[in-house]
Each structure stands twice: as structure tokens, then as C-alpha cells.
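Please explain how the charged residues of this structure are arranged, and take the steps slowly enough for someone who is new to reading protein models.

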Amino acid sequence: MKKQILSLAIIALLAFGVQSCEKKEPKPAEDELTLGNKVDSLTTDIEEVKDSAVSKAESATAKAKDATENAANDVKDATKKAANDVEEAAKKTATDVKDATKKGAQKVENAAKVAKDGTVKTAKEVNEALKK
């Protein structure tokens, strides 16, 4: 009878062991699901990094474009200012030359008047001297 009880106990243990093993079989399916989730998560992360990189590249391109436009505008403004400065300097120089020419002509005219007056005066003195 002891042998029968031991045999039944061993059979019960084996049956329990088999049932325990059968319960563990769904776990690989859960692991596969977890692996699938990990792959999906990694795929999502890769897409987010890609989108972020594209966004950063677009932002950098926009900043470079703005900087180029600003530099072009600065050069344009500096060129206009330089042209205006040269034009103003040329006008001032032309005015200065005109004024200097006018003053020189006035001095020549005055010198001619003085010479004429001196000649007339000298001629009068000669005539008077001759009359005496």
C-alpha cells in the first residue's frame, strides 16, 4: 500500500510539473510581443530622430539664407552710402573750384583796373609835365 501511495504521489508530482510547463508556454508569445514592441519603439525613435535632423537642417538653412540676405543688404547699403559720399565730395570740390576761379578772376580784374588807373594817371602826369 505504501508503494501505491508513493506511486500516486509521484504521478501527481509529474502531472503538476507538466501543468507548470504548459503554463510557461504563453510567455514566449509575450516575449515576442515585447520584441515587436521594442522594434516598433526603435522604429518610432529612428523616425523622430530623422524628423528632428531634417527640422534642424531646415532651420540652419533658413538661418543661413537670412544671414546671406542681411549681408547682401549691408553691402548694398554701404555701396549706396559710399556713392553718395563720393557724389557729395565731388559737388563740394566743384563748388570749391568754382569759388576759387571766381576769386582769381576777380583779383585779375582788380589788378587790371589798378594797372589801367595807374597808366591813365601816369599819362596825365606826363601830359601835365609836357604842358609846363
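The paragraphs below look at salt bridges and then at a charged surface patch.

It should be said at the outset that this is a predicted model. When the whole structure is searched, 2 salt bridges are found. In one of them Lys81 is paired with Asp85, and the closest N and O atoms of the pair lie 3.2 Å apart, which counts as a salt bridge because the cut-off is within 4 Å. Both residues belong to helix H2, which covers residues 26-131, and because they are 4 residues apart there, about one helical turn separates Lys81 from Asp85. As for their surroundings, Lys81 counts as exposed, with a relative accessibility of 53%, whereas Asp85, at 37%, counts as partly exposed.

Another salt bridge joins Glu87 to Lys91, with 3.6 Å between the closest N and O atoms. Here again the partners sit in helix H2, and since Glu87 and Lys91 are 4 residues apart, they are separated by about one helical turn. Glu87 has a relative accessible area of 43% and is therefore partly exposed, while Lys91, at 53% relative accessibility, counts as exposed.

We can now turn from pairs of charges to a group. On the surface, a patch of negative charge is formed by Asp45, Glu47, Glu48 and Asp51. Of these residues, Asp45 can be placed in helix H2, and its relative accessibility of 37% means that Asp45 counts as partly exposed. That value fits its membership of the patch, because patches are made of residues with over 30% relative accessible area and no salt bridge.

Methods
Residues numbered from 1 in each chain as written. Predicted model: local features only at pLDDT ≥ 70, side-chain atom pairs only at ≥ 80, totals over all residues. Heavy atoms only, no water. Salt bridge = Lys/Arg side-chain N within 4 Å of Asp/Glu carboxyl O. Helix = DSSP H or I, 4+ residues; strand = E, 2+ residues; numbered from the N terminus. Buried < 20%, exposed > 50% of the residue type's maximum accessible area, 1.4 Å probe, protein only. Patch = residues over 30% accessible without salt bridge, like charges linked within 9 Å, V, L, I, M, F, W, Y side chains within 5 Å. Areas by Shrake-Rupley, 256 points an atom, 1.4 Å probe, with all protein chains shown as cover. Lys, Arg positive; Asp, Glu negative; His and termini not counted. Charge placed at Lys NZ, Arg CZ, Asp CG, Glu CD.
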